[in-house]
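Student: I should like to work through this structure with you, step by step. May we begin once it is displayed?

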Number of protein chains: 2
Amino acid sequence: MMSELSPKERRSRRTRQAILIAARDLIAQGGYEALSMRKIARRIDYSPAGLYEYFDNKDQIVAAVCRQADGLLERYMRRVDPNLPVQERLVELGLAYVRFAEKNPELFLILFTRTDQAPSEPSSSRETSGSFGLLMATVQDGIDQGVFHTGQFDAFPVSYACWAFVHGMAMLRITALKNFEAPYQPVNRWALETFVNGLAGD
Amino acid sequence: MMSELSPKERRSRRTRQAILIAARDLIAQGGYEALSMRKIARRIDYSPAGLYEYFDNKDQIVAAVCRQADGLLERYMRRVDPNLPVQERLVELGLAYVRFAEKNPELFLILFTRTDQAPSEPSSSRETSGSFGLLMATVQDGIDQGVFHTGQFDAFPVSYACWAFVHGMAMLRITALKNFEAPYQPVNRWALETFVNGLAGD
DNA sequence: GTAAAATGCCGAACAGTGTTCAGTTTTTTA
DNA sequence: TAAAAAACTGAACACTGTTCGGCATTTTAC
């Protein structure tokens, strides 16, 4: 099988992971501006130059952190009970999205702020994996079941609209409304239900 | 009246404005990372240290640019015909918001990304001035006219929900979907109409 | 009009940043 | 055990925001 890793490979992976953990923690604590190669190096007892054996540059580290954050976001959304009626499921998916942003504001911010290297297509727009794929599969479910009547629009643009709604809630919460405490959850739930009911009740 | 400004004051204001224009242009061109005190200084033929006669630090310059951008956003929204029926007016306000973001992506991004110095209250939540105030006045209009039935929620949370919707559209457009060309406007219009109809149709 | 004070502006410096590169040490390969 | 490769470092380069001492210029006060 030859699937066992060499000690060298094991060490290398461990160091890579240590770098990513340090980077993630630094970001989670003080945002992107608090992240520096020298701080990462200090945390893992390396010289700054040593990091370049594992990543080409700082951007690659941030990109890797973002991939992990994206996975975490998906896990948040996968916790939603897939046996719920489509309408409720859609609402819960949205609330899970917002919850992730609330609990990981700095990660969320960096995940959706890195304007460089944006994909030319929404992640997994044709698969059921990835957070957007999960959303779209649910919307497709609603259409297939005859619950949603979306006229000329198919699952993709409808999913985009749902995404935009919850993305706005998440973003405002951690930026413009950061210092404005309020019971957001009930309003968010009501707003999403209103929209989803609009999808259902043609 | 004594409203005339001294030559000194006139010069000072002109220089201040030149700094802000240079800063705005640099941001509009290459985003926040392309903005530096030295580049601003070079553009207006000053030494970097000279800028500190007009602004305490870089953040103050960015804050001033953001204030101007906010004014521009409001102008976008004020172009919406106030004589339209509330439902259409609300939709058009949202589309104007998205249009501003599309035309000024970097300014929009910096305007809603500066997580520091966020106000403790949404701008002008009780006035009809400011972009949010304009939105809320419209929502209040719909409630007063008996067009919107928002149950337990008053104009403020409803306006927040509208804001979140269009903010998500705007944000996704210039970040995650930056490289994904598609006819967004029809979908955005349809999605907003669906939501607004949900507000209207009890 | 002249002296004094305030303002405007600059060069140089400090501490910080990402990144590169010549070497040195350590580990793997043959 | 010798040669090759990988891992790691210190020093440097070109940037960054900001501060400070000093030089002009302009404004104020008499």
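**Contacts with DNA and the protein interior**

Tutor: In this predicted model, an N or O atom in the side chain of B:Tyr46 lies 2.8 Å from a phosphate oxygen of DNA strand C.

Student: Which polar backbone atom of chain B lies 2.5 Å from a phosphate oxygen of DNA strand C?

Tutor: The side chain of B:Tyr46 offers an N or O atom at 2.8 Å from a phosphate oxygen of this strand. At 2.5 Å from a phosphate oxygen of DNA strand C, there is a polar atom from the backbone of B:Ser47.

Student: How far is a polar backbone atom of A:Met37 from a phosphate oxygen of DNA strand C?

Tutor: Chain A is also represented around this strand, for A:Arg11 and A:Arg38 are among the closest residues. For the polar backbone atom of A:Met37, the distance to a phosphate oxygen of DNA strand C is 2.9 Å.

Student: What share of the atoms of DNA strand C within 4 Å of the protein is sugar and phosphate?

Tutor: DNA strand C is surrounded by 18 residues, and the closest include B:Tyr46, B:Ser47 and B:Tyr54. Of the strand's atoms that come within 4 Å of the protein, the share made up by sugar and phosphate is 54%.

Student: Which helix gives the most to the surface near DNA strand C?

Tutor: In chain A, helix H1 (7-30) and helix H2 (37-43) each contribute at least two residues to that surface. The greatest contribution, 3 residues, comes from H2(A).

Student: Where DNA strand D is concerned, how far is a phosphate oxygen from a backbone N or O atom of B:Met37?

Tutor: The closest residues to DNA strand D include A:Tyr46, A:Ser47 and B:Arg38. Two side chains of chain B place an N or O atom by a phosphate oxygen of this strand: that of B:Arg11 at 2.8 Å and that of B:Ser36 at 3.3 Å. For the backbone N or O atom of B:Met37, the distance to a phosphate oxygen is 2.9 Å.

Student: Is B:Leu109 buried or exposed?

Tutor: B:Leu109 belongs to helix H5 (residues 105-111) of chain B. Its relative accessible area is 8%, and the cut-off for burial is under 20%. B:Leu109 therefore counts as buried.

Student: Which residue of chain A does B:Leu109 touch?

Tutor: Within chain B, B:Leu109 touches B:Met171, B:Ile174 and B:Thr175, setting aside residues up to four places away in sequence. B:Met171 is 62 residues away in sequence, yet the C-alpha atoms are 7.6 Å apart. From chain A, the residue touched by B:Leu109 is A:Thr113.

Student: Which backbone oxygen lies 2.6 Å from a polar side-chain atom of A:Thr150?

Tutor: A:Thr150 is in the loop between helix H6 (130-144) and helix H7 (155-174) of chain A. With a relative accessibility of 7%, A:Thr150 is buried. The oxygen 2.6 Å from a polar atom of its side chain is the backbone oxygen of A:Phe153.

Student: Which residue of chain B is in contact with A:Thr150?

Tutor: Apart from neighbours within four places in sequence, A:Thr150 has contacts in chain A with A:Ile143, A:Val158 and A:Leu199. The contact from chain B is B:Trp190.

Student: What percentage of the residues in chain A are buried?

Tutor: Chain A has 8 helices and 0 strands. A:Thr150 is one of its buried residues. Of the 202 residues in chain A, the buried share is 50%.

Key. Residues numbered from 1 in each chain as written. Chains lettered and ligands numbered in written order. Predicted model: local features only at pLDDT ≥ 70, side-chain atom pairs only at ≥ 80, totals over all residues. Heavy atoms only, no water. Helix = DSSP H or I, 4+ residues; strand = E, 2+ residues; numbered from the N terminus. Buried < 20%, exposed > 50% of the residue type's maximum accessible area, 1.4 Å probe, protein only. Near = heavy atom within 4 Å. Polar contact = N/O pair within 3.5 Å; in protein donor to acceptor, adjacent residues only side chain to side chain. Contact = heavy atoms within 4.5 Å.
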